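Open the structure in your viewer and keep the selection panel handy. We will go from stop to stop, picking a few residues each time and looking at what surrounds them.

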Amino acid sequence: MIPIELKKSFEDIVGAHNYDDSKAGRLVYSYDATPQFQSLPDAVIAPKNTEEVVAIVKLCNQHNIPIVPRGSGTNLCAGTCPTEGGIVLLFKHMNKVLEIDEENLTATVQPGVITLDFIHQVEEKGLFYPPDPSSMKISTIGGNINENSGGLRGLKYGVTRDYVLGLEVVLANGDIIKTGGKLAKDVAGYDLTRLFVGSEGTLGIITKAILKLIPMPEAKMTMLALYQDLEAAAKSVSTIIANKIIPTTLEFLDQPTLKVVEDFAKIGLPTDVKAVLLIEQDGPIDIVKRDMSSMAAICKREHALSVKVASSEKEADDLRTARRSALSALARLKPTTILEDATVPRSEIAKMVVATNEIAEKYGLTVCTFGHAGDGNLHPTCLTDARNHEEIERVEQAFEEIFIKAIELGGTITGEHGVGVMKAPYLELKVGKEGIAAMKAIKASLDPNNILNPGKIFAKDSRKRVVISR
């Protein structure tokens with residue numbers, strides 16, 4: 001626990017009402033959206049501005065108190081679980097859109113801004129912020145930046161890092177640095193902006209971000225292609241890209257996922273097919289129509305049973321919402337839902353889907369697969385029960401084989417969820433010992449006392465997921 005004199009110092013910085021070390025308050029922030037991980041922090045602190053963040057960080061660095069910066073806790077790698085105690089830093093007061101600059105097509109925001117709220121504010125001005133993680137109704141911009149979040153529109157528009165132009169960051173010693181700016185070009189020194197994006201709060205605490213905006217697309221169309229063959233659906237994805245068409249969204253759902261999502265959303269999704277592709281294109285209306293026609297023809301050539309274009313924006317939005325609700329729908333079926341993300345080159349999607357199904361069958365597990373097929377990012381999701389220790393052992397073995405298979409196919413262990421604690425045991429599979437050493441050297445130089453989100457990214461001895469209590 002935090003000593004009384006230090007507690008008083010923290011309260012002097014943020015006010016007593018923004019410091020909480022009650023059992024109930026600590027319990028609320030002892031876990032995130034990741035199953036099987038829980039650890040009580042020593043206190044929860046909500047600063048109101050950058051100056052308060054600096055003062056908190058300096059105190060923590062002086063007394064070797066861990067700091068876990070946290071958004072809404074929607075991440076799926078235990079990245080915001082305070083596994084080593086310390087302070088959870090909340091940004092509920094730092095939640096303002098400070099500026100939307102229409103001349104430079106940028107926005108300056110604080111880390112606690114809710115993603116969808118920000119998107120709506122931008123769209124009111126006829127502008128567009130493409131990153132759209134499934135959790136965007138509650139996730140924060142700061143959390144998105146720390147995890148380098150993706151989303152359904154990632155194929156055409158990229159992920160969060162592609163829209164971060166500049167940052168204000170508080171380092172572990174309390175220094176403030178500013179990277180980038182409202183610039184189309186900037187090659188002055190190392191690209192520190194990209195270093196901090198996706199660093200999961202282990203290198204610095206983001207207190208402000210300058211984000212790139214683009215003009216709102218003129219038109220949008222959505223269609224659903226149905227298949228009785230998983231490989232045919234996967235082949236359609238690579239064929240669409242090979243024909244030099246880059247759709248906004250190209251999503252894949254297998255039959256088990258379809259059944260659960262339809263039971264949850266009740267919008268008339270077909271459940272008697274093996275897979276569906278949800279395809280969307282935006283841009284000038286003539287180009288959208290041309291691309292949709294071409295993609296429909298490709299899907300039919302690749303043996304789609306049917307291809308149907310949404311007849312209204314409501315129908316299209318229902319389809320998008322159903323896809324975003326996949327995790328929520330699946331989570332209703334078993335006490336524990338473990339959603340992973342393994343990414344492969346899109347040309348290898350068919351092999352990855354088949355391998356995932358074979359691995360699930362080998363270990364006697366229920367695994368549903370959906371994901372961003374257009375960029376090769378699949379989400380194998382295991383429905384299980386953490387109380388069944390024998391089954392959890394099989395789950396661990398299955399996911400390790402899935403990660404190894406992804407690497408064999410030229411892929412990676414995570415495309416958008418991050419490493420955190422869950423993927424830390426497998427990071428060496430992707431980057432090697434030398435890569436781990438280089439990353440640790442960066443961490444040690446910026447955070448020599450290891451106070452910033454310690455225990456994340458770099459593996460402990462065990463590869464097992466564990467419930468950690470404090």
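Is Phe399 buried or exposed? Select Phe399 and you will find that it is buried, with a relative accessible area of 2%. Please keep in mind throughout that this is a predicted model.

**Stop 1: a ring pair in helix 14**

Add Phe403 to the selection. At 0% relative accessibility, Phe403 is buried too. The two ring centres are 6.2 Å apart and the planes of Phe399 and Phe403 meet at 20°, so this pair counts as stacked. Now show helix 14 (residues 389-408) as a ribbon: Phe399 and Phe403 are four residues apart in this helix, separated by about one helical turn. An α-helix has 3.6 residues a turn, so residues three or four places apart point the same way.

**Stop 2: an aromatic cluster**

How many aromatic pairs does a search of the whole structure find? There are six aromatic pairs. For another of them, select Phe118 and Tyr129, whose rings are edge-to-face, 5.0 Å centre to centre with 70° between the planes. Phe118 belongs to helix 4 (residues 115-123), while Tyr129 is in the loop between strand 7 (127-128) and helix 5 (141-147), so the pair ties together parts that are 11 residues apart in sequence. Both Phe118 and Tyr129 are buried.

Next, bring in Tyr163: ring pairs link Phe118, Tyr129 and Tyr163 into a cluster. Then display Lys212, whose charged end sits over the ring of Tyr163, 5.0 Å from the ring centre.

**Stop 3: the nonpolar cores**

Select Tyr227, Ile240, Phe252, Leu277, Ile279, Cys299 and Ile349. These are the residues with the most contacts inside the largest nonpolar core, which has 59 residues. A second, separate core has 28 residues, including Ala107, Phe128, Ile141 and Ile214. In soluble globular proteins, nonpolar side chains tend to be buried together.

Which residues does Cys299 touch, leaving aside those up to four places away in sequence? Show its surroundings and you will see Ala225, Tyr227, Ser236, Ile240, Ile279, Ala304 and Val307.

**Stop 4: strand 13 and its partners**

Phe252 from the previous stop takes us to strand 13 (249-254). Six of the six residues of strand 13 are buried, so this strand is largely enclosed by the rest of the structure. Turn on the side chains: Thr249, Glu251 and Leu253 point one way, and Leu250, Phe252 and Asp254 the other way. In a regular strand the side chains alternate between the two faces of the sheet.

Now add the pairing strands. Strand 13 and strand 14 (275-283) are antiparallel and share six bridges, with Leu250 standing opposite Ile279 of strand 14. Strand 18 (366-372) is joined to strand 13 by two bridges, and these two also run antiparallel. Across that pairing, Phe252 stands opposite Gly371.

**Stop 5: helix 9**

Select helix 9 (residues 255-265), where Gln255, Thr257, Leu258, Val260, Val261 and Glu262 are buried. What do the buried residues of helix 9 pack against? Their neighbours are strand 13, strand 14, helix 11 (313-324), helix 12 (326-330) and strand 18. Following helix 9 is Lys266, which has a positive phi, near 50°.

**Stop 6: two cysteines**

Select Cys368 and Cys382. A search of the whole structure finds zero disulfides. For Cys368, the nearest cysteine sulfur is that of Cys382, 8.9 Å away. Cys368 is buried, with a relative accessible area of 2%, and Cys382 is buried at 1% relative accessibility.

**Stop 7: an open sheet**

For the last stop, select strands 1, 2, 4 and 3. In that order, 1-2-4-3, the four strands form an open sheet with mixed pairing. Its edges are strand 1 (19-20) and strand 3, each of which pairs on one side only. Two bridges join strand 1 to strand 2 (residues 43-45) in the antiparallel sense, and Asp20 stands opposite Val44.

At the other edge, strand 3 (residues 67-70) runs parallel to strand 4 (residues 87-90), joined by four bridges. Ile67 has Ile87 as its bridge partner there. From strand 3, Ile67 and Pro69 point one way and Val68 and Arg70 the other way, and all are buried.

Conventions: Residues are numbered from 1 along each chain as its sequence is written. This is a predicted model: local features need pLDDT of at least 70, side-chain atom pairs count only at pLDDT 80 or more; totals for chains, interfaces and linings use all residues. Side-chain values use heavy atoms; hydrogens and water are left out. A disulfide is a pair of cysteine sulfur atoms within 2.5 Å. Buried means under 20% relative accessible area, exposed over 50%, partly exposed in between (1.4 Å probe, protein chains only). A nonpolar core is a set of buried Ala, Val, Leu, Ile, Met, Phe, Trp, Tyr and Cys residues joined through side-chain atoms within 4.5 Å. Contact means heavy atoms within 4.5 Å. Rings of Phe, Tyr and Trp (its six-membered ring) pair if their centres lie within 6.5 Å; planes under 30 degrees apart count as stacked, over 60 as edge-to-face and the rest as tilted. A charge sits over a ring if NZ of Lys or CZ of Arg is within 6 Å of the ring centre and within 35 degrees of the ring normal. Two strands pair if DSSP finds at least two bridges between them.
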